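Hi everyone, thanks for coming. Let me put a structure up on the screen, and then we'll walk through one helix and one interface together.

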Amino acid sequence: MMKEGVKYTGVPSAEELEQIPGIAGEARFEEGPVAVIECVQEIPCNPCEKACPFGAIAVGQPITNLPVLDEAKCTGCGSCLAKCPGLAIFLVHKNYTEATALVEFPFEYLPLPKAGDTVACGGRDGAYVCDGRVVKVNQNKAFDGTTLVSVEVPKKYYMTVRTICRKGRA
Amino acid sequence: MRVTKHPILPEEAPCDVTIYVDGKEIPAKAGEPIAAALLAAGIRVFRKTAKKGYPRGIFCGIGRCTDCVMTVDGQPNVRTCVTPVRAGMKVETQIGLGRWAEQA
Amino acid sequence: MRKVQVIVIGAGPAGLAACIEIAKAGGKAVLIDENGKPGGQLFKQIHKFFGSREHRAGVRGYNIGNQLLKETEDLGVEVFLDSPVYGLFRHPEGILVSYMHEGRERGLVGEKVILATGAAENALTFPGGTLPGVMGAGCAQTMINVNRVLPGEKIIMVGSGNVGLIVSYQLMQAGADVLALIEAAPSIGGYGVHAGKIRRAGVPILVGHTIKRVIGREQVEAVEIVALDEKFREIPGTEQTVACDTVCIAVGLTPLTELAWMAGCEFAFIPALGGHIPIHDGDMATTVAGLYVAGDIAGAEEASTAMEEGRLAGIAASEALGLYGPATAAPLKEAVWTRMDALRTGPFGQKRYEAKAQMLEIAKGGKQ
């Protein structure tokens, strides 16, 4: 009965994510860390474009265009994550190790986890997906208050884990 | 409840004055809206309506709706959401339209 | 009585931007605001703004506010705070603005006056809706972001426009527990990215639901919510009771237009902009000579459009005063319109674009 899609649930559906130009092809994920821009709606917004030092993100005119990721130019540096006002950009390193992936996401809550912590990791709907190990808690004045958290999770969850579960809500 | 630690905003200074709400001492910050000090102390009922005595508290927060009015230092109908706290202020739950305090 | 070139009423983003433009044109602006601090609703916006670089995208609202304040200070704009304006009257030399200051009635005559008084939140009527603990979402936002006080701990948010979505997020940042966001319409009104943030925090978004009543004696203790059908009628048997202590209402804004009414402005009813709006043309000029509007008073939109409309009104008033010739003013105004049009595009901006286009038609003498 519940309709799917970001307009009905706030969570982009699998179809919506397949159709957007901000996500690289499967092969690129095998090559190393890459930005994942989960921007699915046309809103006037383009800070991501100027954020990339390698010119890998294009929005152009009108500024409602969905950002296009040039997967060849993207080095996975993560400069774009803290710049997106919608907190919709993630950094995914599918082959962090043989068994695990590394997912980095913007986080603006307290308490902050600490590197080395084991945390409950959640999906786009906040529900529990798996336990993960916090690898890095990245804070930088240039991020203007947004913290970037990296968690190591079982590899199969590289496109599922997008957050740490908020206490008691998962 | 006061929000001391915040993920984005800088740390806040502690309370520096005392005000009196229905005779009870409440910590507050000089200059903050009276309503903020009350909410921080867990006080949400600011007045009772004239006819049926129903409880009322803050609604709009920008001085437009007048739901938050209380008697302050003897003056009734003071909008607590836009009136700043002063040390020693006397704030009273207002019943109905309130009454001017008797001048000594 | 003292006379000045321009009086700007309301020191929010629109008013501040207007003063900056007037000062840049070499004019003298006096800014009057009823609050103790300038900035309007800008300082409680702690999230990063959208738009493009010229719209200061990526910058947090309060930092944009600080930038605007600094510019007005550097340009020597005169600011009267704690000065509620209670009247606009006709005057042979312009418009007489009556205001309170330090307990006394005062007056100032402006050759031109710009009204930038903003908008206020709508209330929703339901049993228990007057109980302490039911408040506007903007009120909660002021409390947490400006006063650093949590107005409650277990929150139900009503309304899925950007205000409801953003304030839910900010309530969680302040340490509150947002139990659910409910929306009467069948879909979410605000940006998907805002909704996505609160979904990632585990907040359920219940579209097609509304509040039936709030339960409590002295304050909110629980809400009863109910599902709606496609005709917005309650579906019997779908009631759920949720224990909570706060209900935040985010169901739209209505422009604060009393001064425009008083001054004799003609109005048009445009629901997409929030209701009765003072008719204004492409220069933000109303039907009363010398009186302009800018920002949410001219239609509830966003801070970025408010700043642009403030700029436009400031430039237009400067031109009307002879501070700019038409050849100088025209490209300045066009640049503002280009930026505003860019903000009013896409599935979210399109309705506002059409509403403002309708307003321009009405101003030209078209049908309402």
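**One helix, two sides**

Let's start with the outward-looking part of helix α2 in chain C: on one side of α2(C), away from its buried residues, C:K70, C:E73 and C:D74 are exposed. Before we go on, please keep in mind that this is a predicted model.

Now find the whole helix on your screen. α2(C) runs over residues 61-74, which is 14 residues. From its first C-alpha to its last, α2(C) reaches 20 Å, close to the 20 Å expected at 1.5 Å a residue.

So which residues of α2(C) are buried? They are C:G61, C:I64, C:G65, C:L68 and C:T72. Looking down the axis of α2(C), you'd find these buried residues within an arc of 105 degrees, so they line one face of the helix. Here is a handy rule for reading that pattern: an α-helix has 3.6 residues a turn, so residues three or four places apart point the same way.

And what covers the buried residues of α2(C)? The cover includes α1 (13-24) and α7 (303-320), both of chain C. Just one more stop here: α2(C) is followed by C:G76, which has a positive phi, near 70 degrees.

Next, the interface. Chain A puts 37 residues in contact with 34 residues of chain C. On the chain A side, α1 (6-9) and α4 (47-51) each supply at least two residues. α1(A) gives the most to that side, with four residues. Sorted by class, the side of chain A that touches chain C has 17 nonpolar, nine polar and 11 charged residues.

Thanks for listening!

Conventions:
Residues numbered from 1 in each chain as written. Chains lettered and ligands numbered in written order. Predicted model: local features only at pLDDT ≥ 70, side-chain atom pairs only at ≥ 80, totals over all residues. Expected span 1.5 Å × (residues − 1). Buried ≥ 20, exposed ≤ 12 C-beta atoms within 10 Å, placed from the backbone. Arc of directions from axis to C-beta. Contact = placed C-beta atoms within 7 Å. Nonpolar A, V, L, I, M, F, W, Y, C, P; charged D, E, K, R; others polar.
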